[in-house]
Amino acid sequence: MATYSTNEFKSGLKIMLDGDPYAIVENEFVKPGKGQAFNRVKVRNLKTGRVIERTFKSGDTVEGADVVDVELQYLYNDGEYWHFMDQQSYEQLTADAAAVGDAAKWLKEEAICQVTLWNGVPLSVAPPNFVIMTIVETDPGLRGDTSGGGGKPATLETGAVVRVPLFVQSGEVIKVDTRTGEYVSRVKE
Amino acid sequence: MSSSSWRPGAELATLRLRAELLARVRAFFAARGVLEVETPALSAAAITDPHLASFSTVYSGPGPRHGRTLYLHTSPEFPMKRLLAAGSGCIYQIARVFRDGEAGRRHNPEFTLLEWYRVGFDHHRLMDEVAELVTALLAGRLALAEPERLSYRELFQRHLDLDPHRAGVAELAACAKRFELPIPPRMPADEADPWLDLLLTHWIEPRLERGRLTFVYDYPVSQAALARLRPADPPVGERFELYVGDVELANGFHELGDADEQRRRFEGENAARRALGLPVMPVDEHLLAALAAGLPACAGVALGFDRLVMLAAGKAALDEVIAFPLDQA
């Protein structure tokens with residue numbers, strides 16, 4: 001893997017620190033007029049999401065992390081692992097629970113996900129921004145309510161629970177924003 | 001390249017303020033009988049300081065310098081001292097200077113230095129004048145508390161309870177750990193200055209009081225290559241820095257006039273460059289000859305003009321006060 005000089009630092013650059021892959025969030029050059037220059041960086045651990053501060057002497061080099069984002073199609077869950085496929089090469093990859101994390105509840109078969117690979121292995125999974133899902137359970141709403149004020153919980157086919165307007169019923173298909181976990185609209189199928 | 005990338009990064013109002021401040025600087029020195037001078041930006045000699053990187057270019061002729069590598073100055077200090085030795089009296093210059101490898105919120109690789117020399121002043125008297133100028137230029141734009149003056153030792157004692165002149169690397173490293181500073185890999189085990197710089201930039205500077213001019217003076221000898229030394233225990237370099245809030249604005253010296261001592265320091269810095277794998281720089285023989293001929297006792301200071309504009313305009317970054325910073329140049 002390539003090494004990077006502090007002069008190449010910019011947000012988004014993936015580097016290795018203490019054996020873990022990190023992404024640079026912020027990079028600041030600090031230098032006393034007559035002395036040692038430093039790069040103060042905020043870096044996000046790509047495994048845990050935790051952001052920490054690090055400092056390098058300017059001009060030092062750091063090992064790059066082999067981290068790439070790819071689009072993969074979600075196939076199925078075998079009870080332990082989530083299986084994905086590269087639609088160009090048909091290569092299949094498996095992701096464990098640590099990589100899938102909260103995305104699990106939004107994964108519906110055939111969904112195209114952004115998967116971050118570290119040394120070719122899934123490190124994290126981002127579901128599509130919007131998913132279309134069927135409601136499997138929700139309390140019957142009050143008749144005549146069409147505005148959606150208030151709302152009620154609804155369980156989706158993947159087990160995710162979202163708040164939906166009172167007029168939305170079991171068996172209906174809805175669109176959800178996975179970034180906020182919020183109901184967007186009903187979908188006519 | 002977006003369709004608006006030709007536009008200046010700074011607002012026009014800021015550029016007008018910049019011009020006004022330049023005019024006021026000139027008026028300030030005119031009223032005091034300090035002569036404005038201009039010296040070359042390109043020189044066959046260069047600064048030896050391992051922490052400064054000069055841009056270089058090659059002159060293709062004609063004339064005796066044909067084919068020579070020339071360096072863009074990082075400050076106009078050396079030729080200004082030649083003028084002083086030639087009897088110019090007090091002088092100032094507003095110079096565009098160049099430093100490779102420096103870019104960030106408060107750095108641009110080319111920037112404007114206001115540099116001036118006062119014959120007969122020591123560094124304390126020059127601090128008085130710097131305070132007057134800066135206070136006058138920022139008046140009405142930035143609420144300023146009474147300037148404070150403290151030695152480098154007092155600064156470290158106040159913020160870190162540490163004597164910077166006596167602490168060894170182990171003690172400095174322990175201090176950095178105690179204050180939970182991020183410690184860079186490959187810090188030297190035998191050199192205190194990078195550790196002092198780490199403590200200064202990561203702990204002390206962010207804690208300097210906003211809206212106050214803080215002068216720090218009497219630096220470790222190893223951090224004052226162009227300053228006079230004063231025998232003390234331990235000896236100190238008669239150098240000072242001005243901070244406005246946490247912004248480092250100016251650096252000054254009670255100037256070293258001893259040519260032999262200056263040559264030894266240049267050679268020491270070049271030896272340090274060699275050890276670091278950095279290019280050895282050609283020493284300014286004209287400067288050394290001028291010092292040998294006699295530099296009048298004087299103090300000099302270089303002030304980052306762009307940072308001054310940044311403070312006056314209430315901006316947070318240099319790219320808001322420079323019409324076309326590097327990435328747009």
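Counting over all chains of this predicted model, the rule turns up 34 salt bridges. One of them brings together the side chains of B:Glu102 and A:Lys31, with 3.7 Å from N to O. This pair runs from one chain to the other: B:Glu102 sits in the loop between strand S5 (91-98) and strand S6 (110-119) of chain B, while A:Lys31 sits in the loop between strand S3 (20-30) and strand S4 (38-45) of chain A. Neither partner is left out in the open, as B:Glu102 is buried at 5% relative accessibility and A:Lys31 is buried at 8%.

Other salt bridges stay inside chain B. B:Asp163 pairs with B:Arg166, and here the closest N and O atoms are 4.0 Å apart. B:Asp163 has a relative accessible area of 19%, so it falls in the buried class, for which the cut-off is under 20%. B:Arg212 and B:Glu209 also form a salt bridge, with 2.8 Å between the closest N and O atoms. B:Glu209 is partly exposed, its relative accessible area being 42%. There is a network as well: B:Arg32, B:Arg118, B:Glu129 and B:Glu132 are joined into one by salt bridges that share partners.

Now for the interface. Chain B brings 27 residues to the contact and chain A brings 18 residues. Together the two chains bury about 2,000 Å², and carbon and sulfur atoms account for 54% of that area. On the chain B side, B:His51, B:Arg186 and B:His202 stand out, supplying 23% of the area that chain B buries against chain A, more than any other three residues.

As for specific pairings, three salt bridges are found across the interface of chain B and chain A. In one of these, A:Asp60 meets B:Arg186, the closest N and O atoms lying 3.5 Å apart. The rule for polar contacts gives seven residue pairs across the interface, with both residues at pLDDT 80 or more. Three elements of chain B, namely helix H6 (193-204), strand S10 (236-244) and strand S11 (247-254), each put at least two residues into the side that touches chain A. H6(B) gives the largest share of that side, five residues. Sorted by type, the chain B residues touching chain A come to 11 nonpolar, seven polar and nine charged.

H6(B) deserves a second look. The helix is mostly covered, with 12 of its 12 residues buried. Among them are B:Trp195, B:Leu199, B:His202 and B:Trp203. So B:His202, one of the three residues named above for their share of the area chain B buries against chain A, is itself buried under the 20% cut-off.

Helix H4 (residues 152-160) of chain B shows a one-sided pattern. Its buried residues are B:Tyr152, B:Leu155, B:Phe156, B:His159 and B:Leu160. These residues span an arc of only 90 degrees around the axis, so they lie on the same side of H4(B). What do the buried residues of H4(B) pack against? They pack against strand S7 (145-151), helix H5 (169-178), H6 and strand S8 (212-220) of chain B. Just past H4(B), B:Asp161 adopts a positive phi of about 55 degrees.

Strand S11 of chain B holds B:Asn251, a residue buried at 11% relative accessibility. The side chain of B:Asn251 makes a polar contact with that of B:Arg239, at 2.9 Å. Setting aside neighbours within four places in sequence, B:Asn251 touches A:Lys34 across the chains, along with B:Arg239, B:Phe240, B:Glu241, B:Gly300, B:Val301 and B:Ala302.

A few backbone details round things off. Chain B has a cis peptide bond from B:Gly61 to B:Pro62, with omega near 5 degrees, and B:Pro62 belongs to the loop between strand S3 (56-58) and strand S4 (69-72) of chain B. Another cis peptide bond links B:Asp233 and B:Pro234, where omega is about -10 degrees; B:Pro234 lies in the loop between strand S9 (229-230) and S10 of chain B.

In chain A, A:Glu110 has a positive phi near 80 degrees despite being a residue other than glycine. A:Glu110 sits in the loop between helix H1 (97-100) and strand S10 (112-118) of chain A and is exposed, at 60% relative accessibility. A:Asn119, not a glycine either, has a positive phi of about 50 degrees and is placed in the loop between S10 and strand S11 (121-126) of chain A.

Key: Residues numbered from 1 in each chain as written. Chains lettered and ligands numbered in written order. Predicted model: local features only at pLDDT ≥ 70, side-chain atom pairs only at ≥ 80, totals over all residues. Heavy atoms only, no water. Contact = heavy atoms within 4.5 Å. Buried area = accessible area lost by both parts, 1.4 Å probe. Polar contact = N/O pair within 3.5 Å; in protein donor to acceptor, adjacent residues only side chain to side chain. Helix = DSSP H or I, 4+ residues; strand = E, 2+ residues; numbered from the N terminus. Nonpolar A, V, L, I, M, F, W, Y, C, P; charged D, E, K, R; others polar. Buried < 20%, exposed > 50% of the residue type's maximum accessible area, 1.4 Å probe, protein only. Arc of directions from axis to C-beta.
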